[in-house]
Amino acid sequence: MMGSPAQPTDTEVAAAAALAGAAVVRARFGRLHSRVDKGFGDFATDADLAAERAILDVIRAARPGDAVHGEEGGRQGAADAEREWLVDPLCGTLNYATGSRLVAVNVVLRGGPAAVADPFSGEVFVTDGETARLRSGAEAGERRLAPTADTRLVDVNLDPPFPNAPGFRAVDLLAHPGFVQNFRPRVVSTTLALAWVAAGRRAAYVTDGGDLSGSVHFAAGIALCRAAGCVVTGVDGAPVGPGGGRGLVAAADTGTHELLMSMTGGRGRTD
């Protein structure tokens, strides 16, 4: 997957951009942050803004003709650009602002390679669209991601909005007798948990929502999970994508996915 310094691959651009953002997030951790109100209780910090600038600098230098859609800055670049990068510079802003290190930096070329960086572990999860790998420093090297449900840990996003209620409610899933018999819940409130599903650290991840396939928050994690071989659908079991499933269930294997579908009222794997 290594490209030459003069012409890096898209995978290398994604990884370098995510690591550039992660370096900013890590360096600013623990400071008193200024906040930009985004409405409905949501906000960005100066770290979000600075990390996004660092990410955009990397992408613009390597791919000047591409468009970029950042969570904070919106879409930038030529209106007729054929390629677009989706950027979430700090997923887990509230965690970060309150002193928690449970955050991620997400960068993905729409329909292509992606990277999810953990600013505090130094890990970056990458996919070229076909395989998914973990890079954890020069000494540890790189290894292929292998999802497994062995931990039985399922991360459930409880942040609003809840557009699929009353048909689907995350709190109902947590209260389902079958859930407590088979799984143990976790709530980290960052899409870093999607990378953990791909890496075998979580059995599954579940969130309400609309079409999340083009979301700056979720697209990189979805790409990782798909490349790693996870089962990825909406909460109703429909394929994720425009006009497809709403919300997201990313499971390490078919058995885990089917169990969750039996509790959410979904129809099981359709891909």
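User: Which residue is the bridge partner of T127 in β9?

Analyst: In β9, T127 has A132 as its bridge partner. Before going on, note that this model is predicted: local features need pLDDT of at least 70, side-chain atom pairs count only at pLDDT 80 or more, and totals for chains, interfaces and linings use all residues. Residues are numbered from 1 along each chain as its sequence is written, while side-chain values use heavy atoms and leave out hydrogens and water.

User: What makes β8 and β9 a pair of strands?

Analyst: Helices (H or I, at least four residues) and strands (E, at least two) are DSSP runs, numbered from the N terminus. Two strands pair if DSSP finds at least two bridges between them. Strand β9 covers residues 132-135, and 4 bridges join β8 to β9, so the pairing rule is met. The two run antiparallel. They form a hairpin with 4 residues between them, and G129 in the turn has a positive phi of about 100°.

User: How do you know that β8 pairs with β7, and in which sense?

Analyst: By the bridges again: β7 (residues 114-117) and β8 share 4 bridges in the antiparallel sense. One place to look is V116, which stands opposite F125 in β8. This hairpin has 6 residues between its strands, and G122 in the turn shows a positive phi of about 80°.

User: Which way do the residues of β8 point, and are they buried or exposed?

Analyst: From strand β8 (residues 124-127), V124 and V126 point one way, F125 and T127 point the other way, and all are buried. Buried means under 20% relative accessible area, exposed means over 50%, and partly exposed lies in between (1.4 Å probe, protein chains only).

User: Why is D10 called buried or exposed?

Analyst: D10 has a relative accessibility of 17%, so it counts as buried. D10 is found in helix α1 (residues 10-27). Its side chain and that of R63 are joined by a polar contact of 2.9 Å. A polar contact is a pair of N or O atoms within 3.5 Å; within protein, one must be able to donate a hydrogen and the other to accept it, and residues adjacent in sequence count only if both atoms are side-chain atoms. Not counting residues up to four places away in sequence, D10 touches R63, R83, W85, L109 and P113, where contact means heavy atoms within 4.5 Å.

User: What about T148: why is it called partly exposed?

Analyst: T148 has 26% relative accessibility, so it counts as partly exposed. T148 is found in the loop between β10 (142-144) and β11 (153-156). Its side chain makes a polar contact with the side chain of D150 at 3.1 Å. With residues up to four places away left out, T148 touches G200, R202, A203 and A252.

User: Where is N157, and what does its side chain reach?

Analyst: N157 is in the loop between β11 and α4 (170-175). It is buried, with a relative accessible area of 13%. The side chain reaches the backbone nitrogen of D159 at 3.1 Å, and makes a polar contact with the side chain of T207 at 3.0 Å. Aside from neighbours within four places in sequence, N157 is in contact with A170, Y205, V206 and T207.

User: How many residues of β5 are buried, and which strands does β5 pair with?

Analyst: Strand β5 (residues 84-91) is mostly covered, with 8 of its 8 residues buried. Strand β3 (residues 67-70) pairs with β5 in the parallel sense over 4 bridges, and A67 stands opposite E84 in β5. On the pairing with strand β6 (residues 104-109), 5 bridges join β5 to β6, which run antiparallel. There, V87 stands opposite V107 in β6.

User: What makes α7 largely enclosed?

Analyst: Of the 10 residues of helix α7 (residues 219-228), 9 are buried, so the rest of the structure largely encloses this helix. The buried residues include I222, L224 and C225. After α7 comes G229, whose phi is positive, near 100°.

User: Which residues make the nonpolar surface patch?

Analyst: L158, V171 and V187 make the patch, of about 230 Å². Patches are made of residues with over 30% relative accessible area and no salt bridge: like charges are joined within 9 Å, nonpolar side chains (Val, Leu, Ile, Met, Phe, Trp, Tyr) within 5 Å. A salt bridge is a side-chain nitrogen of Lys or Arg within 4 Å of a carboxyl oxygen of Asp or Glu. Accessible areas come from the Shrake-Rupley method with a 1.4 Å probe; for residues, only the protein chains shown count as cover. V187 is partly exposed at 43% relative accessible area, and lies in the loop between β12 (184-186) and α6 (192-199).
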